[in-house]
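Hi everyone, thanks for making time for this one. Let's put the model up on the screen and walk through it together.

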Amino acid sequence: MTLAHLLKLLLFLELLTTTALSAVLLQYLDQPWYWVLLYVPSFFFLVRIFLISTEFFLATWFNRALSPMHLSYLAWFRCISREMLLMISNFSFHMALPSWFNRWSQEEKRDRPTANSRGVIVLVHGIACNAVVWRSMRKYLLQQGWIISPLNLNPIFAPIHHYGEALYAYIENTCQQYACEQVFVVAHSMGGLVLRSYLQQYGDQRVAHAITIATPHQGSVLASIGASANVRDMRQNSQFLRSLNSTAHIGKLTCFLTQHDNLVIPYNSSHLAGSTSVLFSGIGHVSLLFDTEVQRQVHLTLCRKKLEMNAPE
């Protein structure tokens with residue numbers, strides 16, 4: 001089962017449940033049937049508001065000792081509402097119904113190289129996502145002259161080292177397709193651990209430089225409530241992370257992290273000792289991929305690394 005199929009199934013079950021609850025409420029309140037048109041979307045949004053607000057509350061609690069940047073009430077409202085809207089649009093619509101909402105296919109429409117291309121970037125998404133989540137970042141990087149090759153990770157809940165093997169095959173195929181020796185990699189959330197698993201297993205010869213965005217390099221508190229293999233791998237002090245953090249391959253990494261991450265808790269788990277870090281604030285976990293300043297910093301970071309690679313010794 002693909003992620004799109006799973007999300008459509010979950011959306012159908014949720015609509016079925018909220019419709020049934022609305023019918024019970026209508027009968028109890030003795031209201032006309034058309035009130036269901038109000039209750040169903042209300043339940044839909046209230047559940048998401050509760051879940052995302054709870055994530056931010058837990059993040060604030062566990063990050064209190066780290067003294068993150070203080071946000072005004074307005075800034076908090078913007079941060080939480082933006083994250084909520086992006087979570088709804090991505091998980092309930094764009095990734096669930098990619099052919100309806102996206103011009104390019106998630107099953108891989110790759111970009112053609114030109115004489116002025118800056119280089120090839122492989123995009124690696126996080127858990128319970130697909131390549132569609134990169135649509136905004138991809139559009140921006142294309143405009144800057146990069147060739148973009150987004151990877152879809154399958155199956156949905158496999159161990160992370162399995163994805164590392166898939167990334168190896170994908171990078172080899174991408175290098176062959178574009179006749180290049182190396183690629184740049186930009187990875188979000190769990191995708192950064194997939195990248196590091198690849199580096200651990202196969203080395204960094206094919207990777208010119210990589211950026212991890214909100215990757216739980218030291219695990220996340222929220223992973224303790226999950227049961228799938230890849231979620232267990234992201235628990236703090238998991239065997240997978242202990243093995244991963246015992247090896248090097250960090251010289252070619254830049255870590256992007258946000259002080260107000262609602263999924264990677266605590267937020268400094270996204271920092272990897274020995275690597276360069278870029279810190280943001282007032283931006284949620286998914287919102288990082290859609291933030292214009294984050295996109296600009298991704299582009300500038302890769303440009304700087306490319307100049308360093310080409311600089312005469």
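**Charges, strands and rings**

Let me begin with glutamate 308, which counts as exposed because its relative accessibility is 51%. By exposed I mean over 50% relative accessible area, by buried under 20%, and by partly exposed anything in between, with a 1.4 Å probe and protein chains only. Before I go further, a word on the source: this is a predicted model, where local features need pLDDT of at least 70, side-chain atom pairs count only at pLDDT 80 or more, and totals for chains, interfaces and linings use all residues. Residues are numbered from 1 along each chain as its sequence is written, and side-chain values use heavy atoms, with hydrogens and water left out.

Back to glutamate 308. Its side chain meets that of lysine 305 in a salt bridge, 3.8 Å from N to O. The term salt bridge here stands for a side-chain nitrogen of Lys or Arg within 4 Å of a carboxyl oxygen of Asp or Glu. Lysine 305 and glutamate 308 are three residues apart in helix H10, so about one helical turn separates them. Helices (H or I, at least four residues) and strands (E, at least two) are DSSP runs, numbered from the N terminus.

Helix H10, residues 292–310, has another pair with that spacing: arginine 296 and glutamate 293 are also three residues apart, so about one helical turn lies between them. Their closest N and O atoms are 3.1 Å apart, in a salt bridge. Arginine 296 is partly exposed because its relative accessibility is 37%, and glutamate 293 is partly exposed too, at 31%.

How many salt bridges does the structure hold? There are six. One of them joins arginine 206 to glutamate 181, with 3.8 Å between the closest N and O atoms. This pair links distant parts of the chain, 25 residues apart: arginine 206 sits in the loop between helix H7 (190–202) and E4, and glutamate 181 in the loop between helix H6 (160–178) and strand E3 (183–188). Arginine 206 is partly exposed at 23% relative accessibility, while glutamate 181 is exposed at 62%.

Now to the strands. What is the burial of strand E5, residues 253–258? The strand is mostly covered, with six of its six residues buried. In general, side chains in a regular strand alternate between the two faces of the sheet. Here Leu253, Cys255 and Leu257 point one way from E5, Thr254, Phe256 and Thr258 point the other way, and all are buried.

E5 has partners to look at as well; strands pair when DSSP finds at least two bridges between them. Strand E4 (residues 207–213) runs parallel to E5 and is joined to it by four bridges, with alanine 210 opposite leucine 253. Strand E6 (residues 276–280) also runs parallel to E5, through five bridges, and there threonine 276 is the bridge partner of threonine 254.

Just past the strand, glutamine 259 is found in the loop between E5 and E6. Glutamine 259 counts as buried because its relative accessibility is 11%. Its side chain reaches the backbone nitrogen of methionine 69 at 3.3 Å.

Next, the aromatic rings. Rings of Phe, Tyr and Trp (its six-membered ring) pair if their centres lie within 6.5 Å; planes under 30 degrees apart are stacked, over 60 edge-to-face, and the rest tilted. How many aromatic pairs does that rule give? The count is seven. Among them is the edge-to-face pair of phenylalanine 56 and tryptophan 76, at 6.1 Å centre to centre and 85 degrees between the planes. Phenylalanine 56 is in helix H2 (residues 36–62) and tryptophan 76 in helix H3 (residues 73–94), so the pair ties together parts 20 residues apart in sequence. Phenylalanine 56 is buried at 3% relative accessibility, whereas tryptophan 76 is partly exposed at 21%.

Then there are phenylalanine 256 and phenylalanine 280: their ring centres are 5.6 Å apart and their planes at 55 degrees, so this pair is tilted. The pair links strand E5, home of phenylalanine 256, to strand E6, home of phenylalanine 280, 24 residues apart. Both of these phenylalanines are buried. Finally, Tyr168, Tyr198 and Tyr202 form one aromatic cluster.

That's my tour, and I'm happy to take questions.

Technical notes: Polar contact = N/O pair within 3.5 Å; in protein donor to acceptor, adjacent residues only side chain to side chain.
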